[in-house]
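Colleague: Hi! I'm new to this one, could you walk me through it?
Modeller: Happy to, let me bring it up.

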Amino acid sequence: MNSSPLVIMAGYFAMLSLFAVGGANAAIPEMHRVAVEVTHWMSDRQFADMFAISQVSPGPNVIIVALIGYHVAGLAGAAVCITAMCGPTCALAFIVARTWDRFKDAPWRMAIQGGLVPLSLGLIAASAFVLARTADHNVYAGLVTAATAAVAFFTRINPLWLFAAAGVIGLSGWL
Amino acid sequence: MPDSTALPAAIRPPLSELFFAFAQVSISGFGAALPWARRMIVDQKRWMTAEEFNETFALSQFLPGPNVINFSVVFGSRFGGVVGAAVALAGLLGPPLVIVTILATLYERFGDLETLGRILAGITAAATGLLVAVVAKMATPLFLERWNSAPVIAILAFVGVAIMHWPLPYVFLGLAPFSVGLAWVKR
């Protein structure tokens, strides 16, 4: 029973979720190690394609976990993996949010909160930088990124229009 | 500093609105849901000020697990306790799970990702630009205030993770005491 893929996946992703500080993309190399090298659930190519599918589909990147589960054990696998990956951290987030709100007027809470904001900003900027280095592998892609940034900063246009335009430019094969 | 606790009853919309708001954020996301969450919550619904949003997101970022998922739980629980958290999470995860399952089925059958890959290259470049715009929006108030240590901390965190490639937990543990200490003194 313990060797059932469902049990292994549930335990593995529940454990991984608690260490995945920095989001799902930070945990990609670790998932690759387990799914391809250790368990041989899929080939290298299949893993790369799954990463691409998880990027192209709308929604949080953590969705790749459901794809791995689906590949290994169908719909049940997808459900088990996404639940294991999100359950523990969601419970923790809920408890922290509650405790946090109980001390809303405490000076130490305000200091921690005020101190975390600039750190948070630096880290978001870092992930934008890392994303740009992967996404912008030529001048045209860099221009698309820069143009989108400028339009989104200065106007209130719905960004889906920008995505549609960028998708068409991508389809043309320039990027 | 404004408190960012439970929303007043007057602006607490029905749970269905919460579900659809997070579903919309999620579907528009393409790898970076933060810009969309900010647009929905701060600009469109006005459920939070920009400052409250930054603080709540910062809290979500330092919990383990995907940031946006943590954010939906923290935001939803302020809205309506356990039910609110579950509704926001369901909105965030439900629709993309359905879509990705369909894509996975198509992939298992056809396995051709060439065209998809090209379109994706364009969208990813644009999604990155969107994230850059949000960083600029979040940075503006912090960088405009005088005698403020925030830009230094933000720049150090950026350099540590993006340029030096130090592990995120080290950067966090190294900078957080200073950042919180400075906020304590300034209080």
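Modeller: One term before we start: helices here are DSSP runs of at least four residues, numbered from the N terminus. With that in hand, Thr155(A) can be placed in the loop between helix 6 (139-154) and helix 7 (159-171) of chain A. Please keep in mind that this is a predicted model.

Colleague: Thanks! Is Thr155(A) buried or exposed?
Modeller: Thr155(A) counts as exposed, because just 11 C-beta neighbours lie inside 10 Å and the cut-off for exposed is 12 or fewer.

Colleague: And how far is Thr155(A) from Thr145(A) in space?
Modeller: Their C-alpha atoms are 15 Å apart, with the two positions 10 residues apart in sequence numbering.

Colleague: Let's switch to chain B. How many helices and strands are there in chain B?
Modeller: Chain B has 7 helices and 0 strands. Its pattern along the sequence reads α-α-α-α-α-α-α. The C-alpha trace spans about 60 × 45 × 25 Å along its principal axes, and 48% of the 187 residues in chain B are buried.

Colleague: Which domains is chain B divided into?
Modeller: There is domain 1 (9-144) and domain 2 (145-187). The C-alpha centres of these two domains of chain B lie 25 Å apart. Each domain puts 6 residues into the contact between them. On the domain 1 side, those residues are 6 nonpolar, with no polar and no charged ones.

Colleague: How many residues of chain B are in contact with chain A?
Modeller: 89 residues of chain B are in contact with 84 residues of chain A. Helix 5 of chain B gives the most to that side of chain B, with 23 residues. By class, the side of chain B that touches chain A holds 64 nonpolar, 19 polar and 6 charged residues.

Colleague: I keep looking at helix 2 of chain B. Which residues in it are buried?
Modeller: Leu34(B), Pro35(B), Trp36(B), Ala37(B), Arg38(B), Arg39(B) and Ile41(B) are buried there. They pack against helix 1, helix 3, helix 4 and helix 5 of chain B, together with helix 5 (107-135) and helix 7 of chain A.

Colleague: What angle do helix 2 and helix 5 of chain B cross at?
Modeller: Roughly 55°, and their axes come within 9 Å. Helix 2 and helix 5 of chain B are therefore oblique to each other.

Colleague: Which residues meet there?
Modeller: From helix 2 of chain B, Leu34(B), Pro35(B) and Arg38(B) meet Leu130(B), Leu131(B), Ala133(B) and Val134(B) of helix 5. That contact divides into 6 nonpolar residues, no polar and 1 charged.

Colleague: What comes just after helix 2 of chain B?
Modeller: Arg46(B), which takes a positive phi of about 55°. Arg46(B) sits in the loop between helix 2 and helix 3 of chain B. Arg46(B) counts as exposed because 9 C-beta neighbours lie inside 10 Å.

Colleague: Why point out the sign of phi?
Modeller: Because most residues other than glycine have a negative phi. In chain A, His40(A) also has a positive phi of about 55°, although it is not a glycine. His40(A) lies in the loop between helix 2 (28-38) and helix 3 (44-56) of chain A, and with 8 C-beta neighbours inside 10 Å, His40(A) counts as exposed.

Colleague: Now a buried one. Where is Leu18(B) found?
Modeller: Leu18(B) is in helix 1 (residues 15-28) of chain B. Its 25 C-beta neighbours inside 10 Å make Leu18(B) count as buried. Leaving out residues up to four places away in sequence, Leu18(B) touches several residues, including Phe79(B), Val87(B) and Ala88(B).

Colleague: Last topic, the nonpolar core. How many residues has the largest one?
Modeller: The largest nonpolar core has 112 residues, and those with the most contacts inside it include Leu67(A), Cys81(A), Val73(B) and Leu131(B). Helix 4 (residues 64-102) of chain A provides the largest share of this core, 19 residues. Domain 1 and domain 2 of chain B both give residues to this core, so it lies between them.

Colleague: Which residues is Leu67(A) in contact with?
Modeller: Setting aside neighbours within four places in sequence, Leu67(A) is in contact with Met50(A), Ile53(A), Ser54(A), Val100(B) and Ala104(B).

Technical notes
Residues are numbered from 1 along each chain as its sequence is written. Chains are lettered from A and ligands numbered from 1 in the order in which they are written. This is a predicted model: local features need pLDDT of at least 70, side-chain atom pairs count only at pLDDT 80 or more; totals for chains, interfaces and linings use all residues. Helices (H or I, at least four residues) and strands (E, at least two) are DSSP runs, numbered from the N terminus. A residue is buried if 20 or more other C-beta atoms lie within 10 Å of its own, exposed if 12 or fewer, and partly exposed in between; C-beta atoms are placed from the backbone. Two residues are in contact if their C-beta atoms, placed from the backbone, lie within 7 Å. Ala, Val, Leu, Ile, Met, Phe, Trp, Tyr, Cys and Pro count as nonpolar, Asp, Glu, Lys and Arg as charged, and the others, Gly among them, as polar. Domain bounds come from an automatic or database domain assignment. Axes are lines fitted to C-alpha atoms, for helices over the stretch in contact, and angles run from 0 to 180 degrees between N-to-C directions. Angles under 35 degrees count as roughly parallel, over 145 as roughly antiparallel, 65 to 115 as roughly perpendicular and the rest as oblique. A nonpolar core is a set of buried Ala, Val, Leu, Ile, Met, Phe, Trp, Tyr and Cys residues joined through C-beta atoms within 7 Å.
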